[in-house]
Amino acid sequence: MSGSPDYTPPKVWTWNKANGGQFASINRPIAGPTHDKELPIGRHPLQLYSLGTPNGQKVTIMLEELLALGHSGAEYDAWLIKIGDGDQFGSGFVAVNPNSKIPALMDRSGPKPIRVFESGAILTYLAEKFGAFLPSEPAGRAECLSWLFWQMGSAPYLGGGFGHFYAYAPTKIEYAIDRFAMEVKRQLDVLDRRLAESEYLAGSEYTIADIAVWPWYGGLVKGWTYGAAEFLQVEDYKNVLRWADTIYDRPAVQRGRMVNRLSGEPSSQLHERHDASDFDTRTQDKLAAAE
């Protein structure tokens with residue numbers, strides 16, 4: 001087994017910055033701001049501060065879906081938060097999300113701004129605000145929220161567990177990779193069994209449950225996440241693959257996946273979104289050509 005099999009935890013843990021690996025510069029055992037920096041405010045009712053990670057994609061996909069339905073009140077400014085640079089520790093961001101994680105939303109449509117943080121809370125807030133993508137009938141609502149909360153509880157095993165030890169940890173630890181790979185495959189099996197009996201996670205209709213789960217598990221089976229598709233044998237999960245392709249075919253999903261994105265083809269990166277026309281004029285390939 002690789003790693004440090006002879007390690008014995010001390011009686012009291014102390015923070016060793018050198019052991020942080022790729023994220024040593026932003027991981028720390030305390031909360032609160034590290035510097036003063038106010039957040040920008042655009043002209044739309046909704047102000048999103050985010051990055052195009054799976055958690056960030058949930059909210060931009062939701063907003064684009066709402067706009068596609070004709071909800072003009074869902075117009076938004078999406079400001080880029082570079083977590084690798086520590087933007088999430090600025091005083092303005094911490095005031096919106098004391099947990100210093102993206103995404104964070106400010107709703108300025110009313111007389112008093114409302115902050116919403118945690119991606120699942122933002123999806124629920126927007127679904128209730130606009131009356132969309134969350135069933136009103138009790139059984140359907142319960143099923144939808146159950147899968148939404150399943151995602152919120154499960155994704156840390158995929159991202160912080162498997163993804164970290166498989167792709168980012170400074171040393172490859174067999175025990176850790178095996179432990180989290182086993183759990184991720186179990187989760188994929190949970191999804192595959194559900195999607196064998198249901199078109200979408202909450203039933204026959206597309207909901208915030210699908211919007212929450214797709215960026216993580218859809219991205220995994222599509223081969224976009226951690227370079228682990230072959231390792232995890234994602235081709236075995238036929239129903240998840242069918243569902244992932246169905247959702248990816250939605251134009252709003254494709255737009256939402258571009259917003260605040262810093263990787264991939266330049267044509268797929270829209271670092272900030274302040275108007276619907278930005279998809280046609282301000283992707284990175286367009287900006288580079290204009291220069």
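Which residue stands opposite Leu105 in β4? In this predicted model, where local features need pLDDT of at least 70, side-chain atom pairs count only at pLDDT 80 or more, and totals for chains, interfaces and linings use all residues, the partner is Val116. Residues are numbered from 1 along each chain as its sequence is written, and side-chain values use heavy atoms, with hydrogens and water left out.

The sheet is a good place to start. Four strands form an open sheet in the order β2-β1-β3-β4, with mixed pairing; strands here are DSSP runs of E with at least two residues, helices are runs of H or I with at least four, and both are numbered from the N terminus. Two strands count as paired if DSSP finds at least two bridges between them. Strands β2 (76-80) and β4 (114-117) sit at the edges, each pairing on one side only. From one strand to the next, the twist averages 20°. In general terms, strands of a sheet pair through backbone hydrogen bonds, either parallel or antiparallel.

Strand β1 (residues 46-50) runs parallel to β2, and five bridges join the two. Within this pair, Ser50 is opposite Leu80 of β2. With β3, β1 pairs in the antiparallel sense over four bridges, and Asp107 of β3 is the bridge partner of Leu46. Strands β3 and β4 also run antiparallel, joined by four bridges, and a hairpin of six residues connects them. The side chains of β3 alternate: Ala104 and Met106 point one way, Leu105 and Asp107 the other, and all are buried, where buried means under 20% relative accessible area, exposed over 50% and partly exposed in between (1.4 Å probe, protein chains only). Just before this strand, a cis peptide bond with omega of about 0° joins Ile102 and Pro103, and Pro103 belongs to the loop between α2 (91-96) and β3.

Helices pack around this sheet and against one another. Helix α3 (residues 119-130) lies across β1, β3 (104-107) and β4, at about 130° to β4; axes are lines fitted to C-alpha atoms, for helices over the stretch in contact, and angles run from 0 to 180 degrees between N-to-C directions. The axes of α3 and α6 come within 10 Å and cross at roughly 150°. The two helices are therefore roughly antiparallel to each other, a label for angles over 145 degrees, with under 35 counted as roughly parallel, 65 to 115 as roughly perpendicular and the rest as oblique. The contact (heavy atoms within 4.5 Å) is made by Leu123, Thr124 and Ala127 of α3 and by Ile208, Ile211 and Ala212 of α6.

Helix α1 also meets α6: the axes of α1 and α6 come within 8 Å and cross at roughly 140°. On the α1 side, the residues are Pro54, Asn55, Gln57, Lys58, Ile61 and Met62, which meet Ile208, Ile211, Ala212, Trp214, Pro215 and Trp216 in α6.

What, then, lies in the largest nonpolar core? Such a core is a set of buried Ala, Val, Leu, Ile, Met, Phe, Trp, Tyr and Cys residues joined through side-chain atoms within 4.5 Å. This one holds 62 residues, of which Met62, Leu126, Phe162, Ile208 and Trp243 touch the most other members. Helix α6 (residues 208-221) supplies the largest share, ten residues. Beyond its neighbours within four places in sequence, Ile208 is in contact with Met62, Leu123, Thr124, Ala127, Phe133, Leu134, Cys144 and Leu148. A second, separate core of eleven residues includes Trp79, Ile81, Ile102 and Met106.

Val213 offers a closer view of helix α6, where it is placed. With 0% relative accessibility, Val213 counts as buried. Not counting residues up to four places away in sequence, Val213 touches Trp147, Trp150, Gln151, Leu191, Leu201, Gly218 and Trp243. The C-alpha atoms of Val213 and Gly120 are separated by 10 Å, although their positions lie 93 residues apart along the chain.The loop between α6 and α7 (238-248) holds Tyr226, whose phi is near 65°, a positive value in a residue other than glycine. Gln233 is placed in the loop between α6 and α7 too, and has a positive phi of about 50° although it is not a glycine. At 39% relative accessibility, Gln233 counts as partly exposed. Most residues other than glycine have a negative phi, and most peptide bonds are trans.
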